[in-house]
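This report describes selected features of one protein chain, from its overall make-up to individual residues. The sequence and structure are shown first.

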Amino acid sequence: MGENEASLPNTSLQGKKMAYQRVSADQRALGHSQYLDNDDLQTTTLDLEWDMEKELEEPGFDQFQLNSSENQNLGHSETVDLNLDSIQPATSPKGRFQRLLEESDYVTHYTLSASNSKHQNVCYLLKILCTATVLFIFGILIGYYSHTNYPSDATSSGMTNLQLYQEILKTIQAEDIKKSFRNLVELYESEDGIEISKKIKTHWTSLGLEDVQFFNYSVLLSLPGSSPNTVILSSSSQCFHPDGQPCSEEARKDSSQDLLYSYAAYSAKGTLKAEVIDVSYGTVDDLRRIKKMKNTTNQIALLKLGKLPLLYKISLLENAGFGGVLLYIDPCDLSKIEHFNQDTFMVTLNPGGDPSTPGYASIDGSFRQSRSNLTSLLVQPISASLVTKLISAPTTRNKSDVCSPLELSNNEIRIVKMQVESATEFKTITNVVGYVKGLAQPDRYVLVGSHHPTEQNYNGHEWASSIAIITSFIQALMLRVKRGWRPDRTIVFCSWGGTTFGNIGSYEWGEDFKKVLQNNAVAYISLHHPIRGNSSLYPVASPSLQQLAVEKNNFNCTRGSQCPETNASSAQIQGDADYFINHLGVPNLQFAYEDIEALEGPSFLTEAVFPKHPTKIEEIDPFFSLHETISKLSGEVILKIANEPVLPFSALDIALAVQNSLKGDQPKSHQLLAMASRLRDSAELFQSDEMRPANDPKERVSMRVRMLNDILQNMEKSFLVNQVPPGFYRNILYHIDEKTSQFSILVEAWEHCKLLPSNETLQKALSDVLDSINSAQVYFKAGLDVFESVLVGKN
């Protein structure tokens, strides 16, 4: 594990307790034993058999001993395990009464060795039989009454669970979140990221969270150079900083951190003097239009952020032969309340994880690749005010308040010299991870993620909202856990480091525990940047979780919150959910408040990271009521996924999402439509024949529920494709934005055909989609076949 001091939950036999435990019927009924497995609920007969073994001990039998797990060395000797293992009851040796019934020669063998007196043998045998008979009858009575008194599943689900959830969530208060937020902000002003992560670990531990650990990874970060990057106009020799202010020696010496941190992480470094060509948003259509008029080789593209992932647009510009990029946000794409004209910002060109260890974890001994830059382009973010100077444009809003987009005429020639500096350095990224161990299925993990800052001058205070919200739920949850209750599944709370540089902390942790998470991760609940506005509650969810998201959103609306009736979107989102969605196929859900105007504008503007001040959280949510709502909505979803006997996922919604993604004018084949229809048929059968009875406590069978949950948990893995355009999700169930319902890789491939004479890219994309739909259809069909052939009778 390298620098890490802990390991993921596992299901190996560990602990300091014996494998045999006496568990009373009452404890079983209430579900308070950590030694019960949901797949095979043990009955009172196990206790009875063990009691008989103790009562009827035979000579020499006391030499049989159970191996204490204390003597087992599991894992690394220097590793402190997270202890999320489930202890399975071992198979008990046969009781003496059972052996008397099954082994005809057992009595003879035993009595001959005991005594030569026939009278003593007969008396002894009668004594044994009488004692065994009494115990047998007594055991039947105990078993009868224990089963009679065992509460049905109906009493522990439905309203009972809902009341339990509300009892936990009612302790979440806006004032407590506000206090936590302010403490974090105050800490941020005086401490670095390492100290903040230490404070988070200490706080979570004090709340009672179990075994809170650091996970440290040494990763390659791209940091600003020693002086601000510059842009020089050749016509006037004027030098400008990225914010549009003139360069000067004094400014270089006393350059603010904001200027230093206006850069593109993992950009190429150097100097380039060339013509600036306005490529607008850098779409395929934009580039096709430009290439007809200009020679783009080694020129500088003036590029607007938004509409498409930045990494995708950078790849298009690279293929078109450009040498540099000046990146900006057009003021017309912002809502009226946002004023970023003078603000500089930072972007990352890292698709995810440590660039020096692509695809594998940054642990001790890992091979480190030399990757100081991830593109051949010189990329520099600049403010809109600097753009107006470069293109000699007037103010962007006229008297009628109609915004005029910034634009450089194709007839005008602007020659500039751009200088980009940055420095790569290995630094330690720290993740904070703690858990609440599940009772019935401790080997199934519901992941809940927030993030903390790694470097100063990033993200404003958004991260503090994220941490304050997740901490408020931990506090409420642990109050109930301390009173003896536990969820069925394990809840893992994570605060990630390195998010700004490309979700590095979450990627490295995910790669570190990939094999475990592939089998055991159930869902990921994201709390990345939860307060972006105050006008609309905006849920983003995997298709399998959209019903749950809408249900909770609509319920919240009935409680008086300001939110319209809206469906959840499966749009690509920013943040640490990326690895779990795209590499593990784990269902994801995120609630966030947005401004409606921001939702109506171009997507992917959130790829810009502004230093410190732009988003003033307390101005958006002065009473922290929005924070409280996010915490309670997310908390209820977490509790339902962690505690409901059947995972609240919808198979049919995945099939419907696939069919909706094939609507529109995009190219598709008859095979795709036919396969999507078969997928819907299989999903409908699965949801009606298997999920419906499993949700009825009177028909529920525990082993069948476990099999069902395994299928539900892995549904989205069929839709992971190996190769996608840069910046696109590998999970094709997610769309490029909330306005587009078609499969993103098909839309992109169709656009790509406009640049190339061959349609090979389109055919490959069609094949990938067809294979994904077929895999999902086969998966559901196989699930139905297993239930039909293995488990006969009523569910």
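## Terms for helix packing

In what follows, a helix axis is a line fitted to C-alpha atoms over the stretch in contact, and the angle between two axes runs from 0 to 180 degrees between N-to-C directions. The model under discussion is predicted.

## Packing of α22, α23 and α24

Helix α22, which spans residues 651-661, packs with α23 at an angle of about 165°, and their axes lie 8 Å apart. Since angles over 145 degrees count as roughly antiparallel, α22 and α23 are therefore roughly antiparallel to each other. The crossing of α22 past α23 is left-handed. On the α22 side, the contact is made by Ala-651, Leu-652, Ala-655, Leu-656, Val-658 and Gln-659. On the α23 side, the contributing residues include Ala-676, Leu-679, Arg-680, Ala-683, Phe-686 and Met-691. By class, the residues of this contact of α22 with α23 divide into 10 nonpolar, 3 polar and 2 charged.

Helix α23 (residues 670-694) also packs with helix α24 (residues 702-713), here at an angle of about 130° with the axes 10 Å apart. The pair α23 and α24 is therefore oblique. As with the preceding pair, the handedness can be stated: α23 passes α24 in a left-handed crossing. From α23, the contact draws on Phe-686, Glu-690, Met-691 and Ala-694. From α24, it draws on Arg-704, Val-705, Leu-708, Ile-711 and Leu-712. The contact of α23 with α24 comprises 7 nonpolar, no polar and 2 charged residues. Phe-686 and Met-691 of α23 take part in the contact with α22 and in the contact with α24.

## The chain as a whole

The protein chain contains 26 helices and 18 strands. It has 795 residues, of which 57% count as buried. Its accessible surface comes to about 34400 Å², and carbon and sulfur atoms account for 51% of that area. Among contacts in the chain with a separation of 6 or more, 83% join residues that are 24 or more positions apart.

## A covered helix: α15

Helix α15 occupies residues 504-512 and is mostly covered, with 9 of its 9 residues buried. Among these buried residues are Tyr-507 and Trp-509, together with Glu-508, Glu-511 and Asp-512. The elements that cover the buried residues of α15 include the strands β3 (210-224), β13 (422-436), β14 (441-451) and β15 (489-496). The cover also includes the helices α16 (514-520) and α18 (577-582).

## Buried residues within helices

Phe-181 is located in helix α7, residues 174-190. Its relative accessibility is 2%, so Phe-181 counts as buried. Apart from residues up to four places away in sequence, Phe-181 touches His-461, Ala-464, Ser-465, Ala-468, Ile-617, Glu-618 and Phe-624. Phe-181 and Ile-469 are 288 residues apart in sequence, yet their C-alpha atoms are 8.5 Å apart in space.

Ser-772 belongs to helix α26, residues 760-790. With a relative accessible area of 1%, Ser-772 is buried. Leaving aside neighbours within four places in sequence, its contacts are Ser-718, Phe-719, Val-721 and Ile-732. Leu-259, in helix α10 (residues 257-260), also counts as buried, at 9% relative accessibility. Not counting residues up to four places away, Leu-259 touches Pro-228, His-241, Pro-242 and Asp-243. Leu-259 and Thr-230 are separated by 29 residues in sequence and by 9.9 Å in space, C-alpha to C-alpha.

## Loop residues with positive phi

Most residues other than glycine have a negative phi. Tyr-266 has a positive phi, near 70°. Tyr-266 lies in the loop between β6 (264-265) and β7 (270-280). Is this residue, Tyr-266, buried or exposed? Tyr-266 is buried, because its relative accessible area is 0% and the limit for a buried residue is under 20%.

Lys-307 likewise has a positive phi, near 75°. Lys-307 is placed in the loop between β8 (300-304) and α12 (310-319). With a relative accessible area of 41%, Lys-307 is partly exposed, because this class falls between the buried limit of under 20% and the exposed limit of over 50%.

Definitions and conventions
Residues numbered from 1 in each chain as written. Predicted model: local features only at pLDDT ≥ 70, side-chain atom pairs only at ≥ 80, totals over all residues. Heavy atoms only, no water. Buried < 20%, exposed > 50% of the residue type's maximum accessible area, 1.4 Å probe, protein only. Helix = DSSP H or I, 4+ residues; strand = E, 2+ residues; numbered from the N terminus. Contact = heavy atoms within 4.5 Å. Areas by Shrake-Rupley, 256 points an atom, 1.4 Å probe, with all protein chains shown as cover. Parallel < 35°, antiparallel > 145°, perpendicular 65-115°, else oblique. Left-handed = near helix turned anticlockwise from the far one by under 90°. Nonpolar A, V, L, I, M, F, W, Y, C, P; charged D, E, K, R; others polar.
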